[in-house]
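Visitor: I should like a close look at the loops of this model, one residue at a time, and then at the helices and the interior beyond them. Please explain the reasoning behind each description as you go.

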Amino acid sequence: MVVAPEGLWVPARKPDAQRVLCVTGAGKHSGQYVEIVSDLPMLRKLDESGWSNSLAIFTEKRWRITSDPTGSKCWLRSQKLASFQFDASAWEKREGKGWVPQPDVSCRWGLASELETKLRTLARKALKGKLRLTLFRCTAPDCPKGCGNVLAKDWGLPSLADLLGHLTYYHRGSSQYHEKVNEAWNQQLADELEQQEEDGEELLSMFKASLNKHNYELKTKTLNVAHHVNNIRKIVQKRGCEVSRSLANDQEVYDEVWQWQEEKSGHGRLTVSLRWLKKFTEVSALEAYDVDMS
Ligand SMILES: [Zn+2]
């Protein structure tokens, strides 16, 4: 991560102090960039359609207009400045491998309190909610419809493990799921987890904690976490077995439960819960691998 210029950037604590950088003459990159919560000077473009992917970041003595939160790649950059506070009057645009001066580009500082009402409200909400833009944004087309978690799409999740869990629980059809999970998946570790001896009750409480951690109840309130836990309990009680990872990964168990009268009259809710337990076993293996790597 890039280090902020020492002692210079003091993030706004109150909406009255939230900064805005107005960029003009930069074509589609023109607009109002609003200060967001960050350790380095970072402002995010905000317009009628909401928060955009464009950022203004001050790193290595330049303002950079970019979609990359690390600031290492950018479309447009200012001349070198001693501090983010100075006016950047000379800008250049990347063209091929070089940089071309952009005499029409200029910027000026303002405050979020000067924005029109709708934008001012959004700016204030981001500051008060301490929303941080992360590198782990969900790009699944059905996010947030499939998960109910607006932050995952708009601001990103705190870590790669959180993103992997989010995709595994809610967006299994997305290309991001296939790409990221394939990259992180470790079959050997998943097999080891499935074979280890585990206490059924402990596994059930891990299942519950994992669904809560991944904000399951933003997705739906009708079949909540407690329902899933109760349904799994019903299944093991009736079958006279323990809760285990292999239970959720065994097709024979699903075939058996489907035959039960209460499953037929309950619209298949027991096997729905079993499938959530199966997703949990996958999330837990991904998280275990992530811990292993760090
Ligand atoms: Zn989502």
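Guide: The loop between β4 (50-59) and β5 (62-66) contains K61. In this predicted model, K61 has a phi near 70°, which is a positive value in a residue that is not glycine. K61 counts as partly exposed because 13 C-beta neighbours lie inside 10 Å, and that class falls between the limits of 12 or fewer for exposed and 20 or more for buried.

The loop between α1 (117-128) and α2 (150-154) offers several further details. It holds K130, another residue other than glycine with a positive phi, here near 50°. K130 has 8 C-beta neighbours inside 10 Å and therefore counts as exposed. P144 is also found in the loop between α1 and α2, and the peptide bond leading from C143 to P144 is cis, its omega being near 10°. G148 belongs to this loop as well. Because 16 other C-beta atoms lie within 10 Å of it, G148 is partly exposed. When residues up to four places away in sequence are not counted, G148 touches L218 and K219. By contrast, 30 Å separates the C-alpha atoms of G148 and L193, which are 45 residues apart along the chain.

We may now turn to the helices. Two packed helices are described by the angle between their axes and the distance between the axes. For α3 (160-170) and α4 (175-184), the angle is about 125° and the axes are 10 Å apart. These two helices are therefore oblique to each other, and α3 passes α4 in a left-handed crossing. On the α3 side the contact involves L163, L164, L167 and T168, which meet Q176, Y177, K180, V181 and A184 of α4. By class, six of the residues in this contact are nonpolar, two are polar and one is charged.

A second pair is formed by α6 and α8, which pack at an angle of about 155° with axes 10 Å apart. Since angles over 145 degrees count as roughly antiparallel, α6 and α8 are described in that way. The crossing of α6 over α8 is right-handed. From α6, the residues G200, L204, F207, K208, L211 and N212 take part, and from α8, V225, V229, I232 and V236. Seven nonpolar residues, two polar ones and one charged one make up this contact.

The interior remains to be described. The largest nonpolar core has 31 residues, and C138, L167, L274 and L277 are those with the most contacts inside it. Two or more residues are given to this core by each of α3, α6 (200-213), α8 (225-239), α9 (245-248) and α12 (269-293). The largest share, eight residues, comes from α12. If neighbours within four places in sequence are left aside, L277 is in contact with F207, I232 and A248. Of these partners, F207 in α6 and I232 in α8 also belong to the contact between those two helices. Apart from this core lies another, of 26 residues, which includes I57, F58, V105 and A112.

Conventions
Residues numbered from 1 in each chain as written. Predicted model: local features only at pLDDT ≥ 70, side-chain atom pairs only at ≥ 80, totals over all residues. Core = buried A, V, L, I, M, F, W, Y, C linked by C-beta atoms within 7 Å. Helix = DSSP H or I, 4+ residues; strand = E, 2+ residues; numbered from the N terminus. Contact = placed C-beta atoms within 7 Å. Axes fitted to C-alpha atoms, helices over the stretch in contact; angles between N-to-C directions. Parallel < 35°, antiparallel > 145°, perpendicular 65-115°, else oblique. Left-handed = near helix turned anticlockwise from the far one by under 90°. Nonpolar A, V, L, I, M, F, W, Y, C, P; charged D, E, K, R; others polar.
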